[in-house]
Amino acid sequence: CDWPIKVIIGNPPYNARSTNKYDISQYKLEVDGKTPLKEITLNSLNDDYVKFIRFAEKLIIKEGEGILAYISNNGYLDNPTFRGMRASLLRTFDEIYILNLHGNSNKKERCPDGSKDENVFDIRTGVAIIIAIKKTQNKDWAKVYYSELYGLREKKFEILESKNITYKELSIDKKTPLFLEHSFKGRDSYEECVNIKDLFTVSATGMESGNDDAAITYTKAELEKRINTIRYDLSKDGVEVKNLFGSFGRNQTAKKIRDDVLNGGAIKEIAHRPFDNRWSYYSGKSTGWLYMPTRIMYNFLQDSPSPIGKNIGLVYSRGDTTSQQFSMIFITDRVTNKSITVRPCYVAPLFLAPEGNLDWSTNFNKHVLEKLTQNLEEIPTPLEVFDYCYGVLFDPKFRKKYNEFLKRDFPRVPIIENKDQFFKYKKAGERLRLAHLMHTDIRLDLEIETEGSKNMNIEQVRYVDEKLYINKTTAIIGIPSDVYNYYIGGYQVIDKWFKGHKNEILTIEYFNHIEKIAAILKTTIEIQNELLDS
């Protein structure tokens, strides 16, 4: 068609796992439009709705003027990974109108007054309308106007039909452009803090199995059985490997998996989810038993010079804009799953294992450590520095004060002001470390209540009136609501544990483990309350 296309209207499909081919390379750049995005993964940009937005933008650039009008997933409004996309749209258009319709049930979104918020569609993902207008060749960034609607679906429809919508011009920060209202109050003091990613010399993402059902097991015995089956499979095509894995990742083959099992790896207990360790085979070789084992996990395979004997590592990520409050911090002392806190996470070991002629070394950047500890007369030990950071990042006051930045950036910790402040956080961090590594023998006394038959199968999990039902007739009594509702990262810890063990039997061993988890979370809440009151 030779007719110019200047108006593109639609409701593009949402598919975060889309494999449809379309060039969105411009959106995979930093805000400057030149530097590649520095992110763990860019998978979220492969969503179909993103490709449709880029398609419309390119058409309008070609014509020199036009209007883009879409209703779509609203994740691009403030997700850090979409900052290059937002910057591109700001450079292309003269005016951008955003009507955020909210309705994200995935993050349990509510109205500001706490009442129910509904989606305008029958979906769980929040949505927004964007109307982007290009009239000139102006090279300045677009003006952005924002409005939002909360509440019940019918109320939203009523307002939309009335066309009585008031927009407010946003102040767009060229360093962190966002398409919604956001306060930058406190950003200067936050940026004066030490970035965790800079403090640790080496950090990398956790391991990725590629196939959890095949490569990870609940018990060591089950894993040994699978390994031996493959070890003694002499068939030319690796029939047993194919039967177990079903399909393979890119560059992964039955032969590579079998060779990996035969050459130099070991069965290891791994950190799969918070307080939910499982078993896998680790050799450090990619596209073998584990698809991406990540070399940094080598630092956890032997005893370290740490005073506690085992190496430990800080688990963190950039943050999560889909959550209401920052909680993307945890700890590990073993090979760790990339998704232990839902979002792809980094693991920063406290010590780096010997390699070549080198001995164990502390994994801190010397200059950043000096900045962090500049107000102390004596340089603290590596473990004390770790505890200080861990304590700060669990402080409710710190999390609340810098919540918006913690959700969009790598976590930071304040420069130590004095000995008293350092001791407060170090002490809290030490207690949290011991609890979260399960190095303390604490339990919360729980009871099991049954109605009729003693059905101990973990089936449909629900929490009602401080009773945790694992099926229709069996409940665990004694888990307080704040403990049951406690989140680490994107996981509601106890709820996630039970859902991860669905169709298993609640054994005595499992029940004792739940008593420990409940006690650890209760202790965590108590430590956080003490920090809140200090």
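Two strands count as paired if DSSP finds at least two bridges between them. With that in hand, strand β4 of this predicted model makes a good way in. Its residues run from 127 to 134, and it has partners in both β2 and β3.

Take β3 to begin with, which covers residues 95-102. It runs antiparallel to β4, and seven bridges join the two. One place to look is Asn 100, whose bridge partner in β4 is Ala 128. Strand β2, residues 66-73, also pairs with β4 in the antiparallel sense, this time over eight bridges. Here Leu 68 stands opposite Ala 132 of β4.

So is β4 enclosed or open? Buried here means under 20% relative accessible area. Six of the eight residues of β4 fall in that class, so the strand is largely enclosed by the rest of the structure.

Zooming out, the protein chain holds 17 helices and 22 strands, and buried residues make up 50% of its 534 residues. For a chain with that many residues, a compact globule would have a radius of gyration near 24 Å, and the 26 Å found here agrees with that. Along the principal axes, the C-alpha trace spans about 65 × 65 × 65 Å. Among contacts with a separation of 6 or more, 71% link residues 24 or more positions apart.

As for the outside, the accessible surface comes to about 26,100 Å², and carbon and sulfur atoms account for 49% of it. The chain carries 77 positive and 74 negative charges, and the mean positions of these two sets are 4 Å apart.

Note on methods: Residues numbered from 1 in each chain as written. Predicted model: local features only at pLDDT ≥ 70, side-chain atom pairs only at ≥ 80, totals over all residues. Heavy atoms only, no water. Helix = DSSP H or I, 4+ residues; strand = E, 2+ residues; numbered from the N terminus. Rg over C-alpha atoms; globule rule 2.2 N^0.38 Å. Buried < 20%, exposed > 50% of the residue type's maximum accessible area, 1.4 Å probe, protein only. Contact = heavy atoms within 4.5 Å. Areas by Shrake-Rupley, 256 points an atom, 1.4 Å probe, with all protein chains shown as cover. Lys, Arg positive; Asp, Glu negative; His and termini not counted. Charge placed at Lys NZ, Arg CZ, Asp CG, Glu CD.
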